[in-house]
Protein chains: 2
Amino acid sequence: AERFNQISPSEFFYRNRDLAGFSNPTRSLYTAVREFVENSLDACDQKGILPDVKLVIRAEDDTKQDPRTYTLTVHDNGPGIAEEHVPLAFGTVLYGSKFGLKQARGMFGLGATMAILYGQITTNKPVKVYSSTDGDVAHSFEILLDIQKNKPVIQKKSKKKVKKRGLVVSISLEGDYSKAGSKIRDYVYQTSLITPYASITFEDPKDNKFVYKRILKTMPEPPTIINPHPHGVDVETIRRMIVQSRRDNISTYADAVPLLHKALRLKEEDPSHDAISERASRRWGRLKPEVRTAVAITDALKCNRAYLQDITIEDIDLDAGMIHYYDNNVSQSRTAPLQGDGIFYSHIKNLVAGEQLHSFLTDRFQRIGPKTAQNFIKFAGFKSEQHIGLLDNKDLVKLSDSLQTYEDFLAPNPSCLAPLGESPLEQGMKKFFEPDFLEVIQRGASAYSGFPFIIEMGIAYGGEIQSRGIKTYRFANRIPLLYDEGSDVVLKVVNDIDWGRYKVKHDAPMVIASHVCSTRIPYKTVGKENVADRPEIERELKLAVQFLARRLSSYMSRRGKAEEAKKR
Amino acid sequence: AERFNQISPSEFFYRNRDLAGFSNPTRSLYTAVREFVENSLDACDQKGILPDVKLVIRAEDDTKQDPRTYTLTVHDNGPGIAEEHVPLAFGTVLYGSKFGLKQARGMFGLGATMAILYGQITTNKPVKVYSSTDGDVAHSFEILLDIQKNKPVIQKKSKKKVKKRGLVVSISLEGDYSKAGSKIRDYVYQTSLITPYASITFEDPKDNKFVYKRILKTMPEPPTIINPHPHGVDVETIRRMIVQSRRDNISTYADAVPLLHKALRLKEEDPSHDAISERASRRWGRLKPEVRTAVAITDALKCNRAYLQDITIEDIDLDAGMIHYYDNNVSQSRTAPLQGDGIFYSHIKNLVAGEQLHSFLTDRFQRIGPKTAQNFIKFAGFKSEQHIGLLDNKDLVKLSDSLQTYEDFLAPNPSCLAPLGESPLEQGMKKFFEPDFLEVIQRGASAYSGFPFIIEMGIAYGGEIQSRGIKTYRFANRIPLLYDEGSDVVLKVVNDIDWGRYKVKHDAPMVIASHVCSTRIPYKTVGKENVADRPEIERELKLAVQFLARRLSSYMSRRGKAEEAKKR
Ligand SMILES: Nc1ncnc2c1ncn2[C@@H]1O[C@H](COP(=O)(O)OP(=O)(O)OP(=O)(O)O)[C@@H](O)[C@H]1O
Ligand SMILES: Nc1ncnc2c1ncn2[C@@H]1O[C@H](COP(=O)(O)OP(=O)(O)OP(=O)(O)O)[C@@H](O)[C@H]1O
Ligand SMILES: [Mg+2]
Ligand SMILES: [Mg+2]
């Protein structure tokens, strides 16, 4: 007989760690640096803090040859992590704060934990974390991972007084700086280019110090979380939105509990549920919806007012005639039968039927106004008053398909994006390349599969540029991508251009910097090194390159004419 | 404050399903076909059953345009899945039977569940599974996935009489056959090439029937699970092997329980633990180790013989003076204190100290004989009698590093591999290409990072080959790889060859079929479409190509001379 096993997600990524960029000591050292630096920058961006990030890599034993043990430490002045979240944030895979629909470098809830895992399996040492959220006290932890169970094991924990807020994370890991060093230096250099408001310091194993001071003192607007766009839905997403809408609707009773006495004009201090039900049925017409909900629940659960505040309604199953709720007093789920008639039951039926399709569309999605909702409902073949809780399975599929194919929704709202901006990108490229020619462009917001994105790009030519031949710097959500360019959509677009037509020779001293921002970068791998060629993204990149290439071409002509004039 | 969340692995792969090959209706239809067909072939290979696999794709509504809803069904004559495992096998991500170190197509415990997930989120329909393990009764299930909780929800379940053993799985999903069709037909065609002992039938949405009958009636030897090779270890692997060794050692007491009476010459039917302890200490010298273990445990737990059979020892913590065990009667973990002296305690101390390093190496690893173990121990700076349970953290790292770097271990044992064989590969290529020239080679077993692998390759030229220019067919563990060739190591190697030197023109009617077999194919993505360029694999591929290219070159010269002779 077959022996079946369930493995945890940390076990999965332990066995398949090359999928996450931890394939050998060279690549792993690079990936570990990235994961920690990107976490620090995300944390600072989130809170509008001008980032000061320090990266230190030291060899444990200078007499050993590569590959050998290194200590990797990253310090930031960010918001830190609250004491109760530190062990899980670093000790659990698929645990994080970046799962919402908003632009950030992180998205998987994996990165830091994978770096720590790699350190642990090569050196057996715990990760050290120092976190201060208030600049007064820091909590320090030493944590080992239980890889099979996907949970942290705290080895040591203490507190100390500090003067600065922020996070420090330090691991020991087997790395190869002789091979990874130049990639790491490029990574720091390019991060500084795309994050001109961040100050980054890098101390390498040979005690060299690379300092990149910020050239901007203003931060871009932090992005905000937004509702899903209709083009990004599937049946599962809609089902969850309907469940959420029902839960929001039902849980209004919690606000009603303090109002019960007044609304029902009850005399007793602690009225029985019979008294509540009886009084409520007489005043039913004058009761607010949330009060009605509270009463219907006390009636079904046969409980008093105080009990209402200790429970959470989990689900209402009309077919089975049951209410499922969680009793916080005993930490257990319970069930109560629903009486199949009367005003309380029909109120509960209404709760389950839920809001109408029209308000569901305008409230829970982005970019659907009342008129658009109406037109869409007609297109999809529903009625405006359709209650979302009463949609059967076929309807859900019809709604999902129609939302994805309806063409008259407005393009997604880009306030969930935080592009760098043309001026900061230009200043960054100017500082790093000191070119003769520099042109940047920020395209308007576009979308793929309902995910908004913006392309920013710059071309620099001549001046202090040392390299020969088009050198393409790829960025996504302000992360430099240094590997796997062969299967990245940006290289595909750049190579498809006939540069000769724009007067660019094959050994031109030219640099292209391409920056894609999105609530969700379509990476091809968990290691976040290359971007998939979604048609919408490819098209926007092409338009950006063509625009900049034309500008470059005019410059090349003018320059050509000027040189000829000189010769004459 | 940051809102932290834990997401389940199914939720992770739902959100990031393009990582697993489910990026759009075209690709998803293709990937779903692959996942089910590869499961059927794996299951048959496992049990030495000549596979009969039938793949059926039907459009639900022929009047609709692509992309539209399809029903995808795969039937096999394999061993089926036992009733109790069906819901988890198909309804849970990271659950499977292929996590051991042995060649198989599957490796992640994801594939089938992802296809079912994609079907569910596009059509809201449950998967239907019919499984018969005995050819007499089939269990049929309709299963929906709870994606947030990573568990199956059984909608329907029933039994019926059948005449054949095997599995049928059927999903409804949104697909685009107009775009995916040619890739799917190529996949079936190439699967038949690399699996010449399998009969595959494909019924497409237009009612075409493609039949590929088996051309071989013998199956290759099924691979066997083997011990890890020392080059494949890290500290985590060694730690787990030590824990396993300790558990194996301790759990021998279970065999001793029936022998206790006889060994201790006990008169009572159910002696008290005092009686057992007292009798045992007098006969200690004559007791077998497993009997001593049983006695030491009854003494620590102060229990009788019957109780011993209801417990499982989980851990022994000498520092804390505790035995942790699981009581199956009450399904709870319990703890008992360990008395710190006496013969029972020192026996327990020996159990914890564990086996000696020498036997640990020869028993638990592959390819370490007694002499090699001795030389290795000397190289690593340990003593032969070192007890593995007493290795401290520094020692574990030293042992791990030494195992990885010691160069005199034999190459990994390839009995865990199941290559196709030169003759089957040749017959397959002959049947499919009917070429003028055909040469195949199977390289000897090699290894990367301790994982054994074998390269098989064939070059076919002329004859009925229609394509112009070198066409490379890539296979890994008998799976055709049809996407992302641009970042696959095989294409890299083929393109690096200067084919002109071998008299091959750029429009030659030539085919290369490359097959990599390994206990672990280093795929770059969860979607299993391209293989990473591990240096050892790249080198073996290069040697294989060069060998075949030289043979082709001689053929081209002979042919060239023959044609010249004709002309004259
Ligand atoms: N330097 C830091 N400052 C503040 N919070 C941090 C820091 N580093 C990590 N975190 C928190 O820990 C969580 C887990 O980090 P981790 O890198 O594992 O996942 P992630 O960044 O969410 O996603 P990804 O895997 O894509 O990097 C983050 O979501 C964030 O909330
Ligand atoms: N046709 C089949 N016959 C017998 N067993 C099967 C069949 N299909 C699936 N299984 C069982 O179900 C398990 C889960 O299948 P699934 O495809 O999800 O994972 P996997 O094949 O182990 O790994 P991978 O994700 O790499 O495909 C398999 O490990 C296998 O034991
Ligand atoms: Mg991160
Ligand atoms: Mg599978």
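This report describes a predicted model of two protein chains with two ligands, moving from the overall build of chain A to the pairing of the chains, the ligand sites and some local backbone features.

## Overall build of chain A

Chain A has 568 residues, of which 57% count as buried, and its secondary structure comprises 18 helices and 19 strands. Along the principal axes, the C-alpha trace of chain A extends over about 100 × 60 × 60 Å.

When contacts in chain A are restricted to residues at least 6 apart in sequence, 70% of them join residues at least 24 apart. The area that chain A exposes is about 25,000 Å², and carbon and sulfur atoms supply 47% of that area.

## How the two chains are related

Two copies of a chain are related by a rotation about an axis and a shift along it. For this pair, a turn of 180 degrees combined with a shift of 0.0 Å along the axis lays chain B on chain A with an RMSD of 0.1 Å. The two copies are therefore related as by a two-fold rotation axis.

The interface can be described in a similar way: 100% of the interface residues of chain B are also interface residues in chain A, so the copies meet through the same surface.

## The site of ligand 1

Ligand 1 is surrounded by 24 residues, and those that come nearest are A:Ser97, A:Met107, A:Leu110, A:Gly111 and A:Lys528. The surrounding residues are drawn from chains A and B, so the site is shared between chains. By class, the shell around ligand 1 holds 11 nonpolar, nine polar and four charged residues. Within chain A, helix H2 (25-46), helix H3 (86-91), strand E4 (95-96) and helix H4 (111-123) each supply at least two residues of this shell, and the largest share, four residues, comes from H2(A).

Several polar backbone atoms of chain A face oxygen atoms of ligand 1: one in A:Met107 at 2.6 Å, one in A:Phe108 at 2.9 Å, and a backbone N or O atom of A:Leu110 at 2.7 Å. On its own, ligand 1 has 600 Å² of accessible area, and the protein covers 97% of it.

## The site of ligand 2

Ligand 2 lies between chains A and B and has 24 residues around it, the closest being B:Ser97, B:Met107, B:Leu110, B:Gly111 and B:Lys528.

Side chains of chain B make polar approaches to this ligand. A polar side-chain atom of B:Ser97 lies 2.5 Å from an oxygen atom of ligand 2, while the corresponding distance for a polar side-chain atom of B:Lys98 is 2.8 Å. An N or O atom in the side chain of B:Asn39 is 2.9 Å from an oxygen atom of ligand 2. Taken alone, ligand 2 exposes 600 Å², and the protein buries 96% of that area.

## The surroundings of B:His75

B:His75 belongs to strand E3 (residues 68-76) of chain B. Its relative accessible area is 28%, and because that value falls between the 20% and 50% limits, B:His75 is classed as partly exposed.

Leaving aside residues up to four places away in sequence, B:His75 touches B:Asp52, B:Val53, B:Lys54, B:Val56, B:Leu167 and B:Val168. One of these partners, B:Val56, is 19 residues apart from B:His75 along the chain, and the C-alpha atoms of the two are separated by 8.6 Å.

## Local backbone features

Most residues other than glycine have a negative phi, and most peptide bonds are trans. In chain A, a cis peptide bond joins A:Asp66 and A:Pro67, with omega about -10 degrees, and A:Pro67 sits in the loop between strand E2 (52-59) and strand E3 (68-76). In chain B, a cis peptide bond joins B:Asp66 and B:Pro67, again with omega about -10 degrees, and B:Pro67 is placed in the loop between strand E2 (52-59) and E3 of that chain.

Positive phi values occur at two residues described here. A:Asn477, which is not a glycine, has a phi of about 45 degrees; this residue is found in the loop between strand E17 (471-476) and strand E18 (479-481) of chain A, and at 4% relative accessibility A:Asn477 counts as buried. For B:Lys503, also a residue other than glycine, phi is near 70 degrees. B:Lys503 lies in the loop between helix H16 (489-496) and strand E19 (510-518) of chain B, where, with a relative accessible area of 43%, B:Lys503 is partly exposed.

Methods: Residues numbered from 1 in each chain as written. Chains lettered and ligands numbered in written order. Predicted model: local features only at pLDDT ≥ 70, side-chain atom pairs only at ≥ 80, totals over all residues. Heavy atoms only, no water. Near = heavy atom within 4 Å. Polar contact = N/O pair within 3.5 Å; in protein donor to acceptor, adjacent residues only side chain to side chain. Areas by Shrake-Rupley, 256 points an atom, 1.4 Å probe, with all protein chains shown as cover. Nonpolar A, V, L, I, M, F, W, Y, C, P; charged D, E, K, R; others polar. Least-squares fit on C-alpha atoms with pLDDT ≥ 70 in both. Contact = heavy atoms within 4.5 Å. Buried < 20%, exposed > 50% of the residue type's maximum accessible area, 1.4 Å probe, protein only.
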